[in-house]
Amino acid sequence: MNTILRKSILGIAGLAFTGGVFAGPVAAHADTPAHAAGKPVAVATVQGEQSRITLNDEQTANAKAIIAATKKAGLPERAAVISIATSLQESKLENLGHLGDKNDHDSLGLFQQRPSSGWGTPEQITDPEYSTLAFLKGLKQVDGWDKMPLTDAAQTVQVSAYPDAYAQWEKQATDIVNQHWTK
């Protein structure tokens, strides 16, 4: 059995044992079920310590653009959570241009995608809708992406030098999607 599949199965089994799959950390403490309140349910299966940043107007607009592109692609909330968590890790939801010596090769945009790796032109990669759709295209090619831990799904698409770093943003990404999905 390949490593990602084995880790996914073990992770899911562990969450089921602790009740995480059935309740999840978001729903476990809610006074009103999300469906009853008219909200979407994007339940995080949070792994490890979580990070959180305060978003400015530009970052919020970029998160909303990721959500809109996810809907345009016909994908569920979980895809938006994975996308936003990935962008939080890669750029803190800032649409970054070339950063000179501070830049990782030729990485650009919300997802730090590289023109030299075939993600698109610099103009395309710095367009939030295009870059999100490109990320989602990669995500859809990952078998079982919607059932695996967020960090594994994101890493399979991004191929980062820090594969576990995406997990720290799952709670905030879930909160963002829950806040903006139906707006």
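These are my notebook entries on a predicted model of one protein chain.

**Entry 1: the overall build**

I began by listing the elements, and I found 8 helices and 0 strands in the protein chain. Reading from the N terminus, I wrote the order down as α-α-α-α-α-α-α-α. Next I looked up burial: of the 183 residues in the protein chain, 42% are buried. Then I turned to the surface, where the protein chain exposes about 9,800 Å². Carbon and sulfur atoms supply 54% of that exposed area. I also checked how far apart in sequence the contacting residues are. Taking contacts between residues at least 6 apart, I noted that 62% join residues at least 24 apart.

**Entry 2: the nonpolar core**

Which residues have the most contacts inside the largest nonpolar core? I found Ile82, Ile84, Leu139 and Trp145, in a core of 34 residues. I then asked which elements give two or more residues to this core. My list reads helix H3 (57–72), helix H4 (77–91), helix H6 (128–140), helix H7 (150–158) and helix H8 (170–180). H4 gives the most, with 7 residues.

I picked Trp145 for a longer look. Leaving aside residues up to four places away in sequence, I saw Trp145 touch Leu75, Pro76, Arg78, Ala79, Ile82, Leu139, Lys140 and Ala153. Two of the names in that list, Ile82 and Leu139, were already in my notes on the core.

**Entry 3: H3 against H8**

Here I looked up how two helices cross. The axes of H3 and H8 come within 10 Å, and they cross at roughly 75°. Angles of 65 to 115 degrees count as roughly perpendicular, so I wrote down H3 as roughly perpendicular to H8. On the H3 side I found Thr60, Ala63, Lys64 and Ile67, which meet Ile176, Val177 and His180 in H8. Sorting this contact by class, I got 4 nonpolar, 2 polar and 1 charged residues.

**Entry 4: H6 against H7**

I repeated the exercise for another pair. H6 and H7 pack at an angle of about 110°, and their axes are 9 Å apart. This makes H6 roughly perpendicular to H7. I saw Phe135, Gly138 and Leu139 in H6 meet Ala153, Ala154, Val157 and Gln158 in H7. The contact of H6 with H7 divides into 5 nonpolar, 2 polar and no charged residues. Leu139 rang a bell, since I had noted it in the core, and Ala153 is a residue that Trp145 touches.

**Entry 5: Ser131**

Still in helix H6, I stopped at Ser131. Is Ser131 buried or exposed? I found 0% relative accessibility, so Ser131 counts as buried. Beyond residues up to four places away in sequence, Ser131 touches Leu110, Phe111, Gln113, Gln124 and Ile125.

**Entry 6: two positive phi angles**

Last, I looked at backbone angles. Gln112 is not a glycine, yet I read a positive phi of about 50° for it. I located Gln112 in the loop between H4 and helix H5 (122–125). With a relative accessible area of 13%, Gln112 is buried, since the cut-off for buried is under 20%.

Val159 is not a glycine either, and its phi is positive too, at about 55°. Where does Val159 lie? I found it in the loop between H7 and H8. Val159 has 63% relative accessibility, so it counts as exposed. My closing note sets the two side by side: Gln112 is buried, whereas Val159 is exposed.

Conventions. Residues numbered from 1 in each chain as written. Predicted model: local features only at pLDDT ≥ 70, side-chain atom pairs only at ≥ 80, totals over all residues. Heavy atoms only, no water. Helix = DSSP H or I, 4+ residues; strand = E, 2+ residues; numbered from the N terminus. Buried < 20%, exposed > 50% of the residue type's maximum accessible area, 1.4 Å probe, protein only. Contact = heavy atoms within 4.5 Å. Areas by Shrake-Rupley, 256 points an atom, 1.4 Å probe, with all protein chains shown as cover. Core = buried A, V, L, I, M, F, W, Y, C linked by side-chain atoms within 4.5 Å. Axes fitted to C-alpha atoms, helices over the stretch in contact; angles between N-to-C directions. Parallel < 35°, antiparallel > 145°, perpendicular 65-115°, else oblique. Nonpolar A, V, L, I, M, F, W, Y, C, P; charged D, E, K, R; others polar.
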